[in-house]
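Subject: Structure for you to look at

Hello,

Here is the structure I said I would pass on. My notes follow below it.

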Amino acid sequence: MDKLLTVTALRRVVQAAFFMFFVYGGYVFSTYYTTDKLTRALPALSCAFDEKGGDYCALIALQHQTHHRLSSLVKDSENAMVKMIPTAVTIGTVVVLVALLGKAFCGWGCPLGFFQELTSLIAQKLKFRQIESLTPSVVSKLRPIKWVIFLLFVLIFPFLTGLGFLSEELGSPYCLICPSRIVTTLATGDASQAYISTATPLYFALSLIADLMFGLMVAFALFVRQPFCRICPILALQSSFKFLSLPRLVKNGSSSCDSCGQCAKACPMDIREISKPQEKQTNITHTDCTMCARCVEFCPHNNVLSFKYGPFYMFKSSKDYFKKRVKIDKWWKGS
Amino acid sequence: MQQFLLSIIFLPLLLLSTVFGDDDFIRFAPKISCHEDNSTSATGHEHGKKRETPKFTILGTDMLPQSLECYLPTLEKQSLPLKDGVFSQPAGYSGFYAAVAMVSENNISKSAVRYMRGMGRNINISTAKLTDMQKTKFEIVPQPLPRYLSSKKYTFVLKFDSLPLAHTDVLFETENGSKSTLTTNEGGKIEITMPNDFSNIDFKNGKNKNSEFWLCASVDKGGVKYTTTLSSAYSPNPSDWWQSKNLGFAVIFVGFLGGMLIYRKTLAKKADNNG
């Protein structure tokens, strides 16, 4: 029983609950209709193509608004305020949600993140040899991709499409390549999103990218931790407002930290920066951090790493917890 | 013998046409033929262009309806002005509007309902409230109210005085010529798979021609015959025409294999480095 009392175990329960709500919540908490979805601006990849879902991602709303509303401001500035209200509401909702839960939406709430972690857990049980961490050069090459996807696929392409410079296929291009669209719809028994479109060459290309990326993501999740999260544009969106976030990862200025690197090794996103000692208490919430808390769990020193919510400490690293956590990890991996 | 066979074939059709005689029903239809006006595109809807206000007419009666009203997405009710037998879809809010027409003649109370999607100010009132509220005494209620696509199954509930009406025949008909009769179950429900009865799809040029379907039902209560129709547009399902799921799953599998190849290569490289 004691084995279950860890932050990771709690996180799995929360992830499962969020998965049920985001993917099937329309059955119980809301309805089929858009107006009944909870926020319609989640900073997590819960897909609007899943009609049974309880809520959906802010990226679809942002693409849609950039495509239809913001681009129309350039052509016709009449009723500018009215045209900007939906975007302001979406961004305002994202800001509030990021302020309240921050990057925990990724590590504790995102259905696609949970799917990848589940795949990884199954692979561990099937004795797939895990690649514990990616090399620093691979990590540094991967990091800018999320910004490129966010800027091009969520903002620039939809905006230029709205202005008429690009064809309509690029009105909501991120949704057309997002693996969460395929995962969440398949989870409800709807296979219609796993398609190849022959409507136009561009649709063909986008559907090809989506399906290839989904297949790659499933394969990678068997041996690399959180493969898609590393390039997810939601991280970029959240990072834009992370300075407002109440939950944060904090490193205390302490001589106890000997840069042992246990925290960086535990991090599924390979954020090696967290292992650097700090002179004073510092917010070390990195752009790529998903707030999974593994770094705090695997820190072998008392009070070096901690999770804070506003001024309150939620969880601090400790020697005793570290020992327990390592023991559980060994038990799970069967080593 | 031939005559006998013909009578076997045509008698039920004759009975059906009597039961669902056109005279007993009124229904809404788009003013301009949906083959010309009501199209969707495989490359998305064209934005930036100002959409013309959709116009509708009422078929099945020469009389002016005793009542022609529209329920707004806010659930408020307003009367619809009819000009030369045509009315325009109201605007102002994003969401669904419900047009309701009623005609009473010769002890028959006819009603027609049509849900119309509008663009405008967002309001936070559930469409479920609009579909669930009683708009006429006898009504076919969509559950839920989606964008109808061919080859997909949809549920409707037949209600009389807001209560489900069981074991009642409902005629389903489309502009493209599909026709069938369904009977409501204990809960007043029927399930219909929209037929893929489109032809000459020209999706590459952005002109997928929508079609119209309508559901008709009638019931006798207290010496009065009540009839109702629900009409709507439905579109070709991309999966029927330009999207292939088989190809999609094949590509996913190729991606998966590619990932596994990278996995094997990475392990081999690691082993080389260690060895």
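To start with one residue: Lys327(A) is exposed, because just 12 other C-beta atoms lie within 10 Å of its own, and a residue counts as exposed at 12 or fewer. Lys327(A) sits in helix α13 of chain A, which covers residues 319-333. Its C-alpha atom is 41 Å from that of Arg40(A), and the two residues are 287 positions apart along the chain.

Please keep in mind that this is a predicted model. The predictor gives the complex an ipTM of 0.94 and a pTM of 0.88.

Confidence in chain B

The average pLDDT of chain B is 86, and 82% of the residues score at least 70. Residues 9-21 of chain B have a pLDDT below 50, and this stretch makes three contacts in the model beyond near neighbours in sequence. Residues 33-37 of chain B are also below 50, with eight contacts counted in that way. Where pLDDT is low, the predicted coordinates should not be read in detail.

Chain B as a whole

Chain B has 275 residues, of which 29% are buried. Its secondary structure consists of five helices and 21 strands. Taking the contacts in chain B with a separation of 6 or more, 66% are between residues 24 or more positions apart. There is a cis peptide bond between Gln143(B) and Pro144(B), with omega at about -5°. Pro144(B) belongs to the loop that runs between β11 (138-143) and β12 (148-149) of chain B.

Where the two chains meet

How many residues does each chain bring to the contact? Chain A brings 38 residues and chain B brings 36 residues. On the side of chain A that touches chain B, α2 (58-75), β1 (196-197) and α9 each supply at least two residues. The most comes from α9(A), which gives ten residues. Sorted by class, this side of chain A has 18 nonpolar, 14 polar and six charged residues.

The partner of α9(A) that I looked at is helix α5 of chain B. Helix α9 of chain A (residues 201-221) packs against helix α5 of chain B (residues 245-274) at an angle of about 40°, and their axes are 7 Å apart. That angle makes α9(A) oblique to α5(B), because it falls outside the ranges for roughly parallel (under 35 degrees), roughly perpendicular (65 to 115) and roughly antiparallel (over 145). The crossing of α9(A) past α5(B) is right-handed. Among the residues that meet there are Leu208(A), Leu212(A), Phe214(A) and Phe220(A) from α9(A), and Val251(B), Phe253(B), Met260(B) and Tyr263(B) from α5(B). The residues of this helix contact comprise 15 nonpolar, five polar and one charged.

Inside chain A

Helix α8 of chain A (residues 179-187) is mostly covered, with seven of its nine residues buried. The buried ones are Pro179(A), Ser180(A), Arg181(A), Ile182(A), Val183(A), Thr184(A) and Thr185(A). Their cover includes α1 (7-24), α5 (111-125), α7 (173-177) and α9 of chain A. After α8(A) comes Gly189(A), whose phi is positive, near 85°.

Ile234(A), in helix α10 of chain A, is buried, because 29 other C-beta atoms lie within 10 Å of its own and 20 or more are enough to count as buried. Leaving out residues up to four places away in sequence, Ile234(A) touches Pro43(A), Ala44(A), Leu45(A), Leu59(A) and Cys106(A). Cys106(A) is 128 residues from Ile234(A) in sequence, yet their C-alpha atoms are 8.3 Å apart.

Two loop residues in chain A

Gln226(A) is not a glycine but has a positive phi, near 45°. Gln226(A) lies in the loop between α9 and α10 (233-239) of chain A. Is Gln226(A) buried or exposed? Gln226(A) is buried, with 24 other C-beta atoms within 10 Å.

Ser259(A) has a positive phi as well, near 50°, and is likewise a residue other than glycine. Ser259(A) lies in the loop between β2 (247-251) and α11 (262-266) of chain A. With 10 other C-beta atoms within 10 Å, Ser259(A) is exposed.

Regards

How values were computed
Residues are numbered from 1 along each chain as its sequence is written. Chains are lettered from A and ligands numbered from 1 in the order in which they are written. This is a predicted model: local features need pLDDT of at least 70, side-chain atom pairs count only at pLDDT 80 or more; totals for chains, interfaces and linings use all residues. Helices (H or I, at least four residues) and strands (E, at least two) are DSSP runs, numbered from the N terminus. Axes are lines fitted to C-alpha atoms, for helices over the stretch in contact, and angles run from 0 to 180 degrees between N-to-C directions. A crossing is left-handed if the near helix is turned anticlockwise from the far one by less than a right angle, and right-handed if clockwise. Two residues are in contact if their C-beta atoms, placed from the backbone, lie within 7 Å. Ala, Val, Leu, Ile, Met, Phe, Trp, Tyr, Cys and Pro count as nonpolar, Asp, Glu, Lys and Arg as charged, and the others, Gly among them, as polar. pLDDT is the predictor's confidence in each residue, from 0 to 100.
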